[in-house]
Amino acid sequence: MRICLLAPADSYHTAKIIRFLVKDGYDVSICTFHNASYPGVDVYYFKPKFEYLSKFNYYLNVNNIKKIIKKINPDIVHAHYVSSYGLVGYLTRFHPLVISVWGSDIYDRPRNPIMKSFIKKALNEADAVLSTSKTMAEQTKKFVTNKEILVTPFGIDPTKFYPCADKKSNKFIIGTARILAPKYGIKYLIKAFAIFLKEIPDAELCIAGEGIQKKELISLARNLGIINKVRFFGYINPNKIPEFLSHLDVFCMPSIKESESFGVAALEAQACGVPVIASAIGGLHETIIDKKTGYLIPPKDPAAIAEKILFLCQNPKIRLSMSESGVLFVKKYYNWLNNIKKIEKVYYSLINKRF
């Protein structure tokens with residue numbers, strides 16, 4: 001089967017999909033505006049002509065992508081992120097077309113009336129629409145008429161994410177690994193950590209990631225007088241994330257926007273045996289079992305974060321129970337290989353309809 005992906009080639013999630021498809025013997029090509037290379041995959045990279053009008057570049061290249069698709073002659077075109085690659089897929093008029101919604105494309109982008117209209121057309125013309133979570137599937141239904149939204153979670157690879165007993169520090173370590181942007185609420189975690197330190201002064205907060213808010217977050221830690229207790233790791237290669245997680249006692253996701261559509265980071269932490277404290281928003285309701293694999297708390301509430309961190313610190317038996325439950329939960333419901341096979345079934349069902 002020949003699959004043509006329209007997707008950000010440099011995305012961690014795209015990489016997982018490509019690796020599976022290639023390993024399973026599919027002929028895979030990708031048209032992308034985000035360059036990366038993969039063994040055995042034809043990558044058609046369209047370098048943006050207008051750096052500050054990134055969305056405009058998608059539409060400028062529709063005809064070029066149509067030519068590539070005609071050359072490839074795929075059995076399926078699968079576009080990821082409806083407000084960009086999904087619209088390109090729709091404009092190529094190729095069928096069968098699968099569109100996957102990822103998060104902000106369905107929560108944030110449709111606020112623009114013109115974009116909302118295009119998104120509706122693209123989703124309704126697609127032969128299949130996939131969502132990474134049940135929560136986002138419900139949101140997507142607002143734009144779709146008489147079409148089932150299939151839930152195909154990102155999931156995690158249990159051969160890479162698993163508990164590691166070799167924790168090298170006796171300190172209680174809290175961590176997070178996100179893009180350092182306001183919507184992920186990391187400033188509330190830093191404030192919570194300052195509260196927590198009053199009770200447990202020999203603790204550490206580890207923050208992995210880069211982003212526009214980094215200087216602000218460093219300044220906040222400095223102003224709170226805790227900069228010597230907070231480690232900013234910067235960008236960590238995805239392959240190194242399991243190692244980062246293995247040193248943590250608690251993982252935190254204090255996001256503040258509903259566009260937190262799934263929360264794969266929560267699954268990665270739980271798969272590594274780390275309880276998760278997260279905001280009770282969006283898809284995080286699905287990826288964390290409240291009071292069993294972690295805690296769901298109100299967003300923008302440093303006191304609530306600090307309270308749960310302290311409770312887990314002072315109750316190692318409960319922390320261990322959550323750790324064990326989290327590992328089992330992820331293995332049962334979010335094994336990546338099982339989840340991507342759902343996508344595979346979609347491909348075959350669409351091809352069978354053609355003949």
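**Entry 1: β11, β12 and β13**

I began with strand β11 (residues 250-253), which pairs with β12 in the parallel sense over 3 bridges. The model I am reading is a predicted one. For the register I looked up Cys252, and found that Cys252 stands opposite Ile277 in β12.

I then went to the pairing of β12 with strand β13 (residues 294-297), which is also in the parallel sense, over 4 bridges. Here Ser279 stands opposite Ile297 in β13.

Next I checked the side chains of β12 (residues 276-279). Val276 and Ala278 point one way, while Ile277 and Ser279 point the other way. I noted all four residues as buried.

**Entry 2: the seven-stranded sheet**

I traced an open sheet of 7 strands and wrote down the order as β3-β2-β1-β4-β5-β6-β7, with parallel pairing. Which strands are at the edges? I found β3 (42-45) and β7 (149-151) there, each pairing on one side only. Leaving direction aside, neighbouring strands of this sheet are turned against each other by 20 degrees on average.

I looked more closely at β2 (residues 27-32), which is joined to β3 by 4 bridges, the two strands running parallel. In this pair I found Cys31 opposite Tyr44 in β3.

**Entry 3: helices on that sheet**

I followed helix α1 (residues 12-23) and saw that it packs on the sheet. The strands that α1 touches are β1 (2-6), β2 and β4 (76-80). The direction of α1 makes about 155 degrees with that of β2.

Helix α3 (residues 62-72) packs on the sheet as well, and I listed β1, β2, β3 and β4 as the strands it touches. I noted about 165 degrees between the direction of α3 and that of β1.

**Entry 4: backbone checks in the loops**

I looked for unusual backbone entries in the loops. After α3 I stopped at Asn73, in the loop between α3 and β4. Phi of Asn73 is near 55 degrees, a positive value, and the residue is not glycine. Is Asn73 buried, exposed or partly exposed? Its relative accessibility is 47%, so I entered Asn73 as partly exposed.

I then moved to the loop between α4 and β5, where I found Arg93. Phi of Arg93 is positive too, near 65 degrees, again in a residue other than glycine.

Pro96 is placed in the loop between α4 (81-92) and β5 (97-101). I checked the peptide bond from His95 to Pro96 and recorded it as cis, with omega near 0 degrees.

**Entry 5: α11 against α14**

Two packed helices are described by the angle between their axes and the distance between the axes. I looked up both values for helix α11 (residues 264-271) and helix α14 (residues 316-333): the axes come within 7 Å and cross at roughly 120 degrees. I therefore noted α11 and α14 as oblique to each other. I also noted the crossing in which α11 passes α14 as left-handed.

Which residues meet here? On the α11 side I listed Leu267, Gln270 and Ala271. On the α14 side I listed Ser323, Gly326, Val327, Phe329 and Val330. I sorted the residues of this contact by type and got 5 nonpolar, 3 polar and no charged.

Conventions. Residues are numbered from 1 along each chain as its sequence is written. This is a predicted model: local features need pLDDT of at least 70, side-chain atom pairs count only at pLDDT 80 or more; totals for chains, interfaces and linings use all residues. Side-chain values use heavy atoms; hydrogens and water are left out. Axes are lines fitted to C-alpha atoms, for helices over the stretch in contact, and angles run from 0 to 180 degrees between N-to-C directions. Angles under 35 degrees count as roughly parallel, over 145 as roughly antiparallel, 65 to 115 as roughly perpendicular and the rest as oblique. A crossing is left-handed if the near helix is turned anticlockwise from the far one by less than a right angle, and right-handed if clockwise. Contact means heavy atoms within 4.5 Å. Ala, Val, Leu, Ile, Met, Phe, Trp, Tyr, Cys and Pro count as nonpolar, Asp, Glu, Lys and Arg as charged, and the others, Gly among them, as polar. Two strands pair if DSSP finds at least two bridges between them. Buried means under 20% relative accessible area, exposed over 50%, partly exposed in between (1.4 Å probe, protein chains only).
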